[in-house]
Every structure is written in structure tokens, then in C-alpha cells.
Amino acid sequence: MRPLLYGAAAGAAGTTALNIVSYADMAFRGRAASNTPEVTLRRLAEKLHVRIPGEGATLENRVAGLAPMTGFAAGLGMGVALAVARSAGWRPSTAVQYTAASIGALIGTNGPMTVLGVTDPRTWAASDWVSDVVPHLAYAWVTVGVLDGLDR
């Protein structure tokens with residue numbers, strides 16, 4: 001049970017770091033928030049034949065509330081995966097753990113969006129990649145750091 005709790009805590013801390021870096025980037029560059037989480041949620045619900053209840057503003061607000069939770073799920077899930085792997089004896093270098101956490105979180109968030117046709121990373125500009133990768137690096141740094149601290 002401990003790896004699950006430690007992983008969730010580390011993933012939550014990492015997700016908070018990712019969000020802080022993302023929002024700081026938006027404030028610094030004056031860029032708009034991405035609507036891809038909302039579009040992804042709608043497409044996923046469509047594919048699964050699940051109706052998101054509500055109409056008009058109620059539906060829009062519900063989607064706006066639910067969509068970010070997909071990112072939280074990916075962040076916490078990656079934290080749990082790292083903690084479980086560590087408890088099973090996986091002990092690579094810190095750099096490998098940072099890489100695994102970054103790539104895992106990138107796939108966890110961008111994978112569904114790509115599969116559902118919401119975005120195509122092959123068409124992204126360099127600034128799009130920076131806006132996506134840098135927060136995920138912050139996620140990895142904090143997530144691995146928290147797991148290291150909890151393991152001590």
C-alpha cells in the first residue's frame with residue numbers, strides 16, 4: 001500500500017509543479033490556455049458512448065471541470081507507476097528516472113489526444129514543444145525528488 005500512497009503523493013506534487021510552470025509560461029508569454037483537454041474529454045466520451053450530463057453553460061462548466069482531471073490522473077498514475085517500480089527493485093540513475101517520468105507523463109497526457117485526433121505532435125512548432133516539454137521536466141524533477149525524500 002505504501003508505494004501507492006507514496007506514488008500518489010509524489011505524482012500530485014509533480015502535477016502541481018507542472019501546473020505552476022504551465023501557468024507561469026501563460027502569464028509570462030501572454031498565451032491562451034489550451035482547449036485540447038476539453039476536446040479530448042468530449043471525444044473520449046463520444047467514443048465510449050458516455051453522455052456528459054447537462055446542457056448549455058452547465059455542460060460547458062462540467063467539461064471545464066472534468067477535463068483537467070485527465071491530467072491529474074496521468075500525473076498521479078505516473079507517480080504510482082514509478083513508486084511501484086521502485087518497490088519492485090527498479091533503481092536506475094536519477095537521470096533515467098527523470099527521463100522515464102517525463103516521457104511517461106508526456107505519453108499519458110499527449111497519447112490520448114493524439115490517438116483521438118485532437119492534436120498531432122508532428123505538426124507542432126518549436127514553441128509548442130517547449131510549452132509542453134518544460135512543464136513535464138518540472139513534473140519529473142519534483143516527482144522523483146519527492147519519491148527520493150519519501151524513500152529516505
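**Note on a predicted helical model**

1. Thr 15 touches Phe 72, Gly 75, Leu 76 and Tyr 139, leaving aside residues up to four places away in sequence. The model under review is a predicted one. Thr 15 belongs to helix α1. Its relative accessibility is 6%, and Thr 15 therefore counts as buried, the cut-off being under 20%.

2. One of the contacts just named, Tyr 139, is also a member of the largest nonpolar core. This core has 11 residues in all: Ala 10, Leu 18, Met 78, Leu 82, Ala 83, Ala 101, Ala 105, Tyr 139, Ala 140, Val 144 and Leu 147. At least two residues of the core come from each of α1, α3, α4 and α5. The helix that gives the most is α5, with 4 residues. Apart from this core lies another, made of 6 residues, including Leu 41, Ala 45, Ile 52 and Leu 59. As general background, nonpolar side chains tend to be buried together in soluble globular proteins.

3. The surroundings of one core member, Ala 140, may be looked at separately. Which residues does Ala 140 touch, not counting those up to four places away in sequence? They are Tyr 98, Ala 101 and Ser 102. Of these, Ala 101 is itself listed in the largest nonpolar core.

4. The largest pocket has a volume of about 1100 Å³. Five helices give two or more residues to its lining, namely α1 (2–29), α2 (36–47), α3 (56–87), α4 (94–115) and α5 (126–151). The lining consists of 37 residues, and those nearest the centre of the pocket are Ser 34, Thr 36, Pro 37, Met 113 and Asp 132. How many of the lining residues are nonpolar, polar and charged? The division is 17 nonpolar, 15 polar and 5 charged.

5. Thr 40 is placed in helix α2. Thr 40 is buried, because its relative accessible area of 9% is under the 20% cut-off. Leaving out residues up to four places away in sequence, Thr 40 touches Pro 112, Met 113, Leu 116 and Val 118. Met 113 is also among the residues that lie nearest the centre of the largest pocket. Thr 40 and Thr 70 are 30 residues apart along the chain, and their C-alpha atoms are separated by 9.2 Å.

6. A search of the whole structure finds 1 aromatic pair. It is formed by Trp 124 and Trp 129, whose ring centres are 4.7 Å apart; the planes stand at 55°, so the pair is tilted. The reasoning rests on the cut-offs: planes under 30 degrees apart would count as stacked and over 60 as edge-to-face, and the rest are tilted. Are the two residues buried or exposed? Trp 124 is buried, at 18% relative accessibility, whereas Trp 129 is partly exposed, at 35%.

7. Trp 129 appears again in the contacts of Pro 121, which touches Thr 114 and Trp 129 when residues up to four places away in sequence are not counted. Pro 121 lies in the loop between α4 and α5. With a relative accessible area of 18%, Pro 121 is buried. The C-alpha atoms of Pro 121 and Gly 111 are 9.7 Å from each other, and the two residues are 10 residues apart along the chain.

8. His 49 deserves a comment on its backbone. Most residues other than glycine have a negative phi. His 49 is not a glycine, yet its phi is positive, at about 60°. Where does His 49 lie? Its place is in the loop between α2 and α3. His 49 counts as exposed because its relative accessibility, 73%, is over 50%.

9. The final point concerns Arg 2, found in helix α1. Arg 2 is exposed, with a relative accessible area of 57%, whereas Thr 15, also in helix α1, is buried at 6%. Although Arg 2 and Ser 87 are 85 residues apart in sequence, their C-alpha atoms are 9.1 Å apart in space.

Key: Residues are numbered from 1 along each chain as its sequence is written. This is a predicted model: local features need pLDDT of at least 70, side-chain atom pairs count only at pLDDT 80 or more; totals for chains, interfaces and linings use all residues. Side-chain values use heavy atoms; hydrogens and water are left out. On a 1 Å grid over the protein atoms alone, a cavity is a set of points where a 1.4 Å probe fits but cannot get out, and a pocket is an open set with protein on both sides within 12 Å along at least five of seven lines; lining residues have an atom within 4 Å of a point. Grid points are joined across faces, edges and corners, and a volume is the space filled by probe spheres set on the points. Ala, Val, Leu, Ile, Met, Phe, Trp, Tyr, Cys and Pro count as nonpolar, Asp, Glu, Lys and Arg as charged, and the others, Gly among them, as polar. Rings of Phe, Tyr and Trp (its six-membered ring) pair if their centres lie within 6.5 Å; planes under 30 degrees apart count as stacked, over 60 as edge-to-face and the rest as tilted. Buried means under 20% relative accessible area, exposed over 50%, partly exposed in between (1.4 Å probe, protein chains only). A nonpolar core is a set of buried Ala, Val, Leu, Ile, Met, Phe, Trp, Tyr and Cys residues joined through side-chain atoms within 4.5 Å. Contact means heavy atoms within 4.5 Å.
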